[in-house]
Amino acid sequence: MSLGLENKRVIVTASSRGIGYATAKRFLEEGASVVISSENPSSLKRAHESLSGFGRVYSVQADLTKPEEVKALIERGRSLLGGLDVLAYVTGSPKPGNFLELSDEDWYKAYNLLLMSAVVAVREASKHMESGGRIILTTSVTLKQPIDNLDLSNVVRLSLAGLIKSASRMLGKKGILVNGIMQGWTLTERVTQLAKDRAKREGKSEEQVISEIVSDVPLGRIAKPEEIANVVIFLASNLATYVNGAIIPVDGGWIRAAL
Ligand SMILES: NC(=O)c1ccc[n+]([C@@H]2O[C@H](COP(=O)([O-])OP(=O)(O)OC[C@H]3O[C@@H](n4cnc5c(N)ncnc54)[C@H](OP(=O)(O)O)[C@@H]3O)[C@@H](O)[C@H]2O)c1
């Protein structure tokens with residue numbers, strides 16, 4: 001069955017690696033044209049080269065901590081694609097740490113990286129979706145259940161729940177469906193970084209930390225990035241025509257809250 005994504009024009013932010021990269025690849029496999037982006041020119045070039053075999057891909061360098069670069073990314077992306085149908089928003093990771101040790105500068109940086117990048121990307125992308133569209137924001141399970149020593153994510157990222165709800169009410173009227181994903185532990189460089197940090201704090205080996213993480217997931221394993229990307233694809237597809245303002249966990253059952 002066709003998902004209706006052939007020739008759709010898609011921007012995927014923070015997509016040189018990890019979840020963003022897997023998302024861009026899945027859109028290309030479905031026949032969409034995709035703009036990928038990240039702040040690092042060499043990793044962006046590497047991603048572009050490896051994705052170009054899958055379909056029509058363009059790349060635009062942008063640092064998501066800089067609102068003017070986010071705005072320019074959406075404008076340049078729209079121009080390269082000749083329009084815009086889907087924004088799949090992913091962002092870089094905030095620094096690990098708790099509120100007693102994080103500096104004011106860390107908080108302001110996380111505010112720009114995790115919140116302002118989304119506000120600007122959603123606002124600017126929606127201006128170009130004259131005949132409707134889809135906006136999918138990947139966030140984190142920390143929206144539902146805080147993770148120790150990830151206070152920037154626990155606090156700042158939580159605001160995306162409000163953004164998704166507010167934007168879905170306003171943009172739904174224009175046929176633009178706005179949804180979110182709360183992804184859980186996913187096998188990317190982020191998990192390696194967090195395992196290193198936790199191992200150091202708790203005096204354990206990285207392997208021990210990973211095995212503790214895995215044992216807390218009912219499915220008994222960490223997700224592959226494609227498993228998060230597949231839900232983004234679903235939300236962008238013609239199978240999800242009445243899903244709006246939803247924030248869907250994709251976490252193997254890790255979140256303990258019943259609602
Ligand atoms: N992996 C998990 O278990 C997990 C779970 C929940 C939530 N998350 C969140 O999901 C998001 C993606 O995670 P991931 O696991 O895919 O991470 P990842 O493999 O480390 O990839 C991060 C991506 O973000 C880009 N990036 C970093 N800082 C950026 C900036 N300032 N401007 C633009 N791009 C930037 C990186 O590009 P460069 O090549 O330029 O560095 C890379 O493409 C993160 O926000 C992470 O915190 C991850």
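Colleague: How many bridges join β1 to β4, and what makes them a pair?

Modeller: Three bridges link β1 with β4, and the two run parallel. Two strands pair if DSSP finds at least two bridges between them, so three is enough. One partner match is V12 with A88 in β4. By the way, this is a predicted model, where local features need pLDDT of at least 70 and side-chain atom pairs count only at pLDDT 80 or more, while totals for chains, interfaces and linings use all residues. Residues are numbered from 1 along each chain as its sequence is written, and side-chain values use heavy atoms, with hydrogens and water left out.

Colleague: And how do you know what counts as a strand or a helix?

Modeller: They're DSSP runs, numbered from the N terminus: H or I over at least four residues for a helix, E over at least two for a strand.

Colleague: What order do the strands of the sheet have?

Modeller: The open sheet has seven strands, ordered β3-β2-β1-β4-β5-β6-β7, with parallel pairing.

Colleague: What makes β3 and β7 edge strands?

Modeller: β3 (57-61) and β7 (247-250) each pair on one side only.

Colleague: Is β5 mostly covered or mostly open, and how do you know?

Modeller: β5 (residues 133-138) is mostly covered, since buried means under 20% relative accessible area (exposed is over 50%, partly exposed in between, with a 1.4 Å probe and protein chains only), and six of its six residues are buried. G133, I135 and L137 point one way from β5, whereas R134, I136 and T138 point the other. That fits the usual picture: in a regular strand the side chains alternate between the two faces of the sheet.

Colleague: Why is A14 called buried?

Modeller: Its relative accessible area is 18%, so A14 falls on the buried side. A14 sits in the loop between β1 (9-12) and α1 (18-29). It also has a positive phi of about 45° although it isn't a glycine. Most residues other than glycine have a negative phi.

Colleague: Why are α7 and α8 called roughly perpendicular?

Modeller: Their axes come within 8 Å and cross at roughly 110°. Axes are lines fitted to C-alpha atoms, for helices over the stretch in contact, and angles run from 0 to 180 degrees between N-to-C directions. Under 35 degrees counts as roughly parallel, over 145 as roughly antiparallel, 65 to 115 as roughly perpendicular and the rest as oblique. So α7 and α8 are roughly perpendicular to each other.
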